[in-house]
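Open the model in your viewer and set it to cartoon, with side chains ready to switch on. The tour below goes from one selection to the next.

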Amino acid sequence: MPLLMDVLSGRDLGFLKMVAQAWGIELHGDDRAAVLNQVIEGILQHEWRDEVLETLPERARQALQLLAQNGGRLSWAVFTRRFGEVRPFGPGKREKERPDLNPISPAEVLWYRAMIGRAFLQQPGEREPVEFAYIPDDLLDVLHPLTQPDEHPFGRPASPGEVEQPVVVNDDLLDDLCTYLAGLRAGIAEEELKKHLLRPMNTPFWQALLRSAGLLDPQGQPVAEPVRAFLEAPRGEALALLVSAWKSSESFNELRLMPGLICEGDWQNDALRARQKVLERLQSLPVGSWWSLAAFVRAFREEDPDFQRPAGDYDSWFIRRASDDVYLRGIALWDEVDGALIRFMLVEILYPLGVVDLAKHAHEDVVSAFRLSGWAESLLQGSAPQGLPAETGKLKVFSSGVMIAERTLSRAVRYQVARFCEWDELTQGEYRYRVTARSLERAAAQGLRPRMLVALLRKQVEKTVLPPSLIQGLERWESAGTQASFQHATLLRVASPEVLNALKRSRAARFLGEELSPTVVLVRRGAEDKVREALAELGYFSALADDEQAP
């Protein structure tokens, strides 16, 4: 970063004299080069520095402190938005207006003390230089006390009304992801999958999370070995794996996952940086204390509004509100984009991941407060939290082919069972499955054979005898395939064989199927009206069985 010499070397003599006056530096002579050296030496002398710091206006001191706490730099747009502008003056107008004696902003106070500079600087990872306000490096070195973080909390504790309905974390996400992965592998449609979940489906979040954890391939399909390891891991370790994957992911982009917002164009945002900022503030809060969500978001707007926009740019991101197609540009709409992102991260990501508990007002469904959960410290450090249940649940198997998996059954076992079966709706926390010819055909398309299911069941159901008929049926299906099938058909019953013979000679003959008796024949599905018309043409009026029962 530039030094004090870089800040002052391009300044005229009049500016240097104003800086010297602000610092109380006595100058000797009017040679510009000599004055420049006297000013720099005077500023860097401790006695002068301490005196000036003590007399800084409070807002100017806050501005200097914020810069120091951010490594000595902030984007110029961010800095001036918070601490006011620095007016451009030529030497004559500056001498007349004397902005050093009559500053209009904290930024001008610091500018005419040479405590800040303005320059385009290259940021790590950025393609183009960004204009920054900065503290010169040699001055920053003697401002160490200002670099210490504030002790005041970020936001405020929640009021009693904001925590009337606590919603404590659980590990439902692990079970739903097991169901989701099995559904993806089996090709089950999302509408059907929704019936088998503990929570509402959040496909964009789940896919982004699973990709970050290396569990889905680019086509969105489960990757066999990583999925097996994830499902076999103890629940605490599995949850920690997901949190760590999300926490460090450069591809997981919360902003582009937010419902109701449409991001357009090729602009880029640094999702990892924004995530780290939110987590940093979150981890600074008192452990176990309920915290107001609205106040937490408001504190971001007041103290760190550009947490996801390092250049303070609120105009080049094309983000459209889906409900009315309005583009959300400018700092005035901060709450609808940046503030909404913080709320989304806490409620829709950190809560399902087990990091924060939530709370609401009584009789309201809007989250009003949060706190770090009992699992948060472990999860954010990448280790398994204590207190998650062991997967010791049972699998019940019936001769009808029905299987009932308890909620605490091994996820790895349930994943495999689910791929062989039709899925019945989730009831009372139990997953219900049914072996059918169609489910076995679907499993075969995945490379699964009934003998694999038999081996799995024998290993899992050790203390009870598996239904022999089910085992025989699975073995028989593998060797001979489906041996019975159901078929929907319309049965036509006529009064005499003559009627049926006449119908067989009519143009409706092609709609007739198998003849079951001289007076009973099957009619192809969907052809009932054609056959009725043919009968009428032959002089026979017909009725559906339901018609005969009608009043």
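Select β14 and residues 520-523, which form strand β16; the two strands run antiparallel and are joined by four bridges. This is a predicted model. Within the pair, show T490, which stands opposite V523 in β16.

Now add β15 to the selection. The result is an open sheet of three strands in the order β14-β16-β15, with antiparallel pairing. Its edge strands are β14, at 490-493, and β15, at 512-517, each of which pairs on one side only. Look along the sheet to see the twist: on average, neighbouring strands are turned by 30° against each other, direction ignored.

Next, bring in the helices that lie across these strands. Select 497-504 for helix α24, which lies across β14, β15 and β16 and runs at about 160° to β15. Then select 528-537 for helix α25, which also lies across β14, β15 and β16, running at about 15° to β14.

Move to another part of the chain and select 13-23, helix α2, together with 32-44, helix α3. Their axes come within 10 Å and cross at roughly 25°. Since angles under 35 degrees count as roughly parallel, α2 is therefore roughly parallel to α3. The crossing of α2 past α3 is left-handed.

Switch on side chains here. From α2, display L13, L16, V19, A20 and W23; they meet R32, V35, L36, V39 and I43 of α3. Colour this contact by class: nine residues are nonpolar, one is charged and none is polar.

Note on methods:
Residues are numbered from 1 along each chain as its sequence is written. This is a predicted model: local features need pLDDT of at least 70, side-chain atom pairs count only at pLDDT 80 or more; totals for chains, interfaces and linings use all residues. Side-chain values use heavy atoms; hydrogens and water are left out. Two strands pair if DSSP finds at least two bridges between them. Axes are lines fitted to C-alpha atoms, for helices over the stretch in contact, and angles run from 0 to 180 degrees between N-to-C directions. Contact means heavy atoms within 4.5 Å. Angles under 35 degrees count as roughly parallel, over 145 as roughly antiparallel, 65 to 115 as roughly perpendicular and the rest as oblique. A crossing is left-handed if the near helix is turned anticlockwise from the far one by less than a right angle, and right-handed if clockwise. Ala, Val, Leu, Ile, Met, Phe, Trp, Tyr, Cys and Pro count as nonpolar, Asp, Glu, Lys and Arg as charged, and the others, Gly among them, as polar.
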